[in-house]
Amino acid sequence: MILSLTTSYCSTAAGIFTDDFYVTWGAPNNVKLVNDGQVMQLILDNSTASGFASKKTYLFGSIDMQIKLVPGNSAGTVTAYYFSSETSNHDEVDFEFLGNVTGEPYILQTNVFSNGVGGREQRIYLWFDPAADFHMYSVLWNEQHVILSVDGIPIRRFANNEAAGVPYLRMQAMRIFSSLWDGETWATRGGLDKIDWGQAPFIAEYGAYKVDACEGGAGEACAEGKWWNEGTYQSLDETQQGQLSWVQRFFLVYDYCTDSSRYPVPLTECSLP
Ligand SMILES: *[C@@H]1O[C@H](CO)[C@@H](O)[C@H](O)[C@H]1NC(C)=O
């Protein structure tokens with residue numbers, strides 16, 4: 001399995017989990033390294049949830065992570081993969097995978113917080129079964145935008161609209177986090193489908209990853225002269241625009257920008273490119 005994912009996505013060497021991450025939740029039994037340390041497992045059972053975080057924090061760059069979600073009846077489980085500055089006015093970028101009963105689709109919920117303000121949820125279905133194999137979930141983050149991608153296909157862009165008064169994630173380094181936990185009160189069909197503990201343990205797996213980002217830095221030093229700040233990374237090209245439109249047209253389940261009962265006046269960025 002690792003070999004096949006390596007040939008499909010991995011153009012560079014994978015990082016080493018024990019070098020870059022530490023266990024935040026569920027030690028010692030619910031976070032496990034398998035396959036000679038190439039796969040990290042997060043395990044949820046009725047004793048504990050589990051999680052890990054990066055030892056370092058990053059400002060701008062590119063971070064790819066292969067994830068294979070909880071298979072079978074994953075209803076009520078939430079696998080969160082996110083970046084947070086952990087400050088009071090925090091910046092955060094979230095991927096949250098909401099499980100489902102066997103055969104029904106996962107939802108990938110994303111969110112972006114800038115300067116402590118979130119409430120920017122979008123939800124999509126995926127065009128594959130994310131529990132059947134590893135897929136790559138990526139963030140490209142620079143001064144112009146944050147792009148969230150799945151297998152290289154952009155699913156969301158949060159642009160720097162500071163000129164229009166929208167705070168942007170530009171000053172605060174973020175740590176990488178992941179966790180697998182019980183979200184049965186809200187995750188699946190709004191909380192209708194609960195966790196079936198008879199199916200435990202629930203296991204999500206993390207495979208090859210690559211962090212090419214500015215460590216712990218500040219502002220300009222993490223932008224100037226870095227590859228992620230070069231012209232081609234400052235906007236989406238036509239192909240990527242087309243892919244993003246394809247995702248939004250066929251897979252979008254929910255968008256805060258069109259939720260008029262929640263936001264009678266949409267947030268500023270909703271009417272900006
Ligand atoms: C689970 O499946 C149901 C039925 O297909 C669907 O309405 C729902 O959006 C799916 N995902 C979640 C996380 O509830």
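A cavity here is a set of grid points where a 1.4 Å probe fits but cannot get out. With that in mind, welcome to a predicted model in which a search of the whole structure finds 2 cavities of 30 Å³ or more. The same kind of whole-structure search turns up 2 disulfides. The protein also covers part of a bound ligand, and Asn-100, Pro-105 and Tyr-125 are among the residues around that ligand.

**The ligand and its surroundings**

- The shell around the ligand is made of Leu-98, Gly-99, Asn-100, Glu-104, Pro-105, Ile-107, Tyr-125, Ala-187, Thr-188 and Arg-189.
- Sorted by class, that shell holds 5 nonpolar, 3 polar and 2 charged residues.
- Asn-100 reaches the ligand with its side chain, where an N or O atom is 2.5 Å from a ligand oxygen atom.
- Tyr-125 also uses its side chain, placing a polar atom 2.7 Å from an oxygen atom of the ligand.
- Pro-105 takes part through its backbone, with a polar atom there 3.0 Å from a nitrogen atom of the ligand.
- On its own the ligand has 360 Å² of accessible area, and the protein covers 76% of it.

**The largest cavity**

- Rolling a probe the size of a water molecule over the atoms shows where empty space is left.
- The largest cavity holds about 40 Å³ of space.
- Its lining consists of Tyr-58, Ile-63, Phe-83, Val-93, Val-139, Trp-141 and Met-174.
- Which classes of residue make up this lining? There are 7 nonpolar residues in the lining of the largest cavity, with no polar and no charged ones.
- Two strands, β4 (50-68) and β9 (135-141), each give at least two residues to the lining of the largest cavity.

**The second largest cavity**

- About 40 Å³ of space lies in the second largest cavity.
- Leu-108, Thr-110, Gln-122, Arg-123, Ile-124, Ile-155 and Arg-156 form its lining.
- Two or more of these lining residues come from each of β7 (107-113), β8 (122-124) and β11 (153-159).
- Which element gives the largest share of the lining of the second largest cavity? That element is β8, with 3 residues.
- The lining of the second largest cavity is mixed in class, with 3 nonpolar, 2 polar and 2 charged residues.

**An open pocket**

- The second largest pocket has a volume of about 400 Å³.
- Its lining counts 18 residues, and those nearest the centre of the pocket are Gln-122, Arg-157, Gln-248, Leu-272 and Pro-273.
- Both β11 and α3 (238-250) supply at least two residues each to the lining of the second largest pocket.
- By class, the lining of the second largest pocket splits into 9 nonpolar, 5 polar and 4 charged residues.
- Gln-122 appears in the lining of the second largest pocket and also in the lining of the second largest cavity.

**A disulfide**

- A disulfide is a covalent bond between the sulfur atoms of two cysteines.
- One pair joined in this way is Cys-214 and Cys-222, with sulfur atoms 2.1 Å apart.
- Why is the disulfide of Cys-214 and Cys-222 described as left-handed? The torsion about its S-S bond is about -65°, so the disulfide is left-handed.

**Backbone details in the loops**

- The peptide bond from Ala-27 to Pro-28 is cis, and its omega is near -5°.
- Pro-28 sits in the loop between β1 (21-25) and β2 (31-34).
- Another cis peptide bond joins Ala-200 to Pro-201, with omega about 5°.
- Pro-201 belongs to the loop between β12 (174-182) and β13 (202-215).
- Asp-36 is a residue other than glycine with a positive phi, near 55°.
- The loop that holds Asp-36 runs between β2 and β3 (39-44).

How values were computed: Residues numbered from 1 in each chain as written. Predicted model: local features only at pLDDT ≥ 70, side-chain atom pairs only at ≥ 80, totals over all residues. Heavy atoms only, no water. Near = heavy atom within 4 Å. Polar contact = N/O pair within 3.5 Å; in protein donor to acceptor, adjacent residues only side chain to side chain. Areas by Shrake-Rupley, 256 points an atom, 1.4 Å probe, with all protein chains shown as cover. Nonpolar A, V, L, I, M, F, W, Y, C, P; charged D, E, K, R; others polar. 1 Å grid on protein atoms, 1.4 Å probe; cavity = no way out; pocket = protein on both sides within 12 Å on 5 of 7 lines; lining within 4 Å. Points joined across faces, edges and corners; volume = space filled by probe spheres on them. Helix = DSSP H or I, 4+ residues; strand = E, 2+ residues; numbered from the N terminus. Disulfide = S-S within 2.5 Å.
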